[in-house]
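Okay, everyone, let me pull this one up on the screen. I'll talk through a few spots, and shout if you want me to stop.

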Amino acid sequence: MKLLVIWAVIALTAVHARTTAKQQTITPQITSLTDKDARQKARVHPAFANAGTRAGLELWRIENFEPVAVPQADVGKFYKGDSYVVLKTTADKRNTLSWDIHYWIGSESSQDESGAAAILTVGLDDKFNGKAIQHRETMGHESSQFLNYFTGGAVRYLDGGHQSGFNHVVTNPGAEKRLFQVKGKKNIRVRQVDPLISSMNKGDVFILDINNDIFVYVGEKSKNVERLKAISVANQIRDQDHNGRGRVEIIDQYS
């Protein structure tokens, strides 16, 4: 019965997203990939002034070719239309620091944004006198090292993105329903999919987030690791996106 309810909710609620075009914005930092002085301009960007001074994880999203710090509450969320710079600082027993810099490219990120992320990664590496290790991460093909930086070893892919050199993608503020697919064996990915019954199957786990209700649908053929990860992510959605006020309910073949 509960499964019928969740399908009914998906079928009856419409989700709309709108995209508006916006003219390319030129900034005093990096203006394009053809800028001959791009690397020099990225060395060292003011946003990185205090980066890597202590152990931890720091993220920046590329907005108009500029790195903008990601709030702690949004760490682990990645928009398909964006590119990011991720810095992992590690301290050994002697408190000696080492750095890994990852630039992450969303599947719908523009070439200019992904290029800016790569250039800014080089600039950030210059801050550490070239001692950091650089990594390139693409959506859906992240390394285990990268995924393990995040709670439960999982990241969330969200539709849309910030303004880029070409497009401005805005999620309709009235769209309150989201459906996530939790899939994987070792490296679990949480991907936002169309909130339709046709998006679901019995081999994976799905999370339906609507208003303050968060339903976890457990496919009867899903893996145990997917089920455990989905519950962890559902709690994360409740705490991060609903300030702890959401209600998580598990729906499986025994419900």
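So, strand β8 and strand β11, residues 189-193, run parallel, with 3 bridges joining them. One pair to look for there is V155, which sits opposite R189 in β11. Before I go on, bear in mind this is a predicted model.

β8 also pairs with strand β4, residues 77-79, again in the parallel sense and over 3 bridges. Here the bridge partner of F78 is Y157 in β8.

Now, are the faces of β8 covered or open? Both are covered: V155 and Y157 are buried on one side, and R156 and L158 are buried on the other. As a reminder, side chains in a regular strand alternate between the two faces of the sheet.

Next, a loop residue. E142 lies between β7, 133-138, and α4, 144-147. Is E142 buried or exposed? Its relative accessible area is 4%, and the cut-off for buried is under 20%, so E142 counts as buried. Its side chain makes a polar contact of 2.8 Å with the side chain of W104. If you skip the neighbours within four places in sequence, E142 touches W104, E137, L147, Y157 and R189. We've met two of those names already: Y157 in the β4 pairing and R189 in the β11 one.

Another acidic side chain, please: D209, over in strand β12, residues 205-210. D209 is buried too, at 2% relative accessibility. What does its side chain pair up with? There's a polar contact of 2.7 Å to the side chain of R178, and one of 2.8 Å to the side chain of H242.

Last stop, helix α5, residues 224-241. Does the length come out short, long or about right, and what should 18 residues span? At 1.5 Å a residue you'd expect 26 Å, and the end C-alpha atoms are 25 Å apart, so that agrees.

Which residues of α5 are buried? They're E226, K229, A230, V233, A234, Q236 and I237. Looking down the axis of α5, those fall within an arc of 165°, so they line one face of the helix. On the other side, N224 and L228 are exposed.

And what covers that buried set? The cover includes β8 and β11, along with β10 (177-183), β12, β13 (213-218) and β14 (247-251). So β8, where we came in, turns up again under the helix's cover list. One more for the torsion fans: after α5 comes N243, with a positive phi near 55°.

Notes
Residues are numbered from 1 along each chain as its sequence is written. This is a predicted model: local features need pLDDT of at least 70, side-chain atom pairs count only at pLDDT 80 or more; totals for chains, interfaces and linings use all residues. Side-chain values use heavy atoms; hydrogens and water are left out. Helices (H or I, at least four residues) and strands (E, at least two) are DSSP runs, numbered from the N terminus. Buried means under 20% relative accessible area, exposed over 50%, partly exposed in between (1.4 Å probe, protein chains only). A polar contact is a pair of N or O atoms within 3.5 Å; within protein, one must be able to donate a hydrogen and the other to accept it, and residues adjacent in sequence count only if both atoms are side-chain atoms. Contact means heavy atoms within 4.5 Å. Two strands pair if DSSP finds at least two bridges between them. The expected span of a helix is 1.5 Å times one less than its number of residues. The arc is that of the directions from the helix axis to the C-beta atoms.
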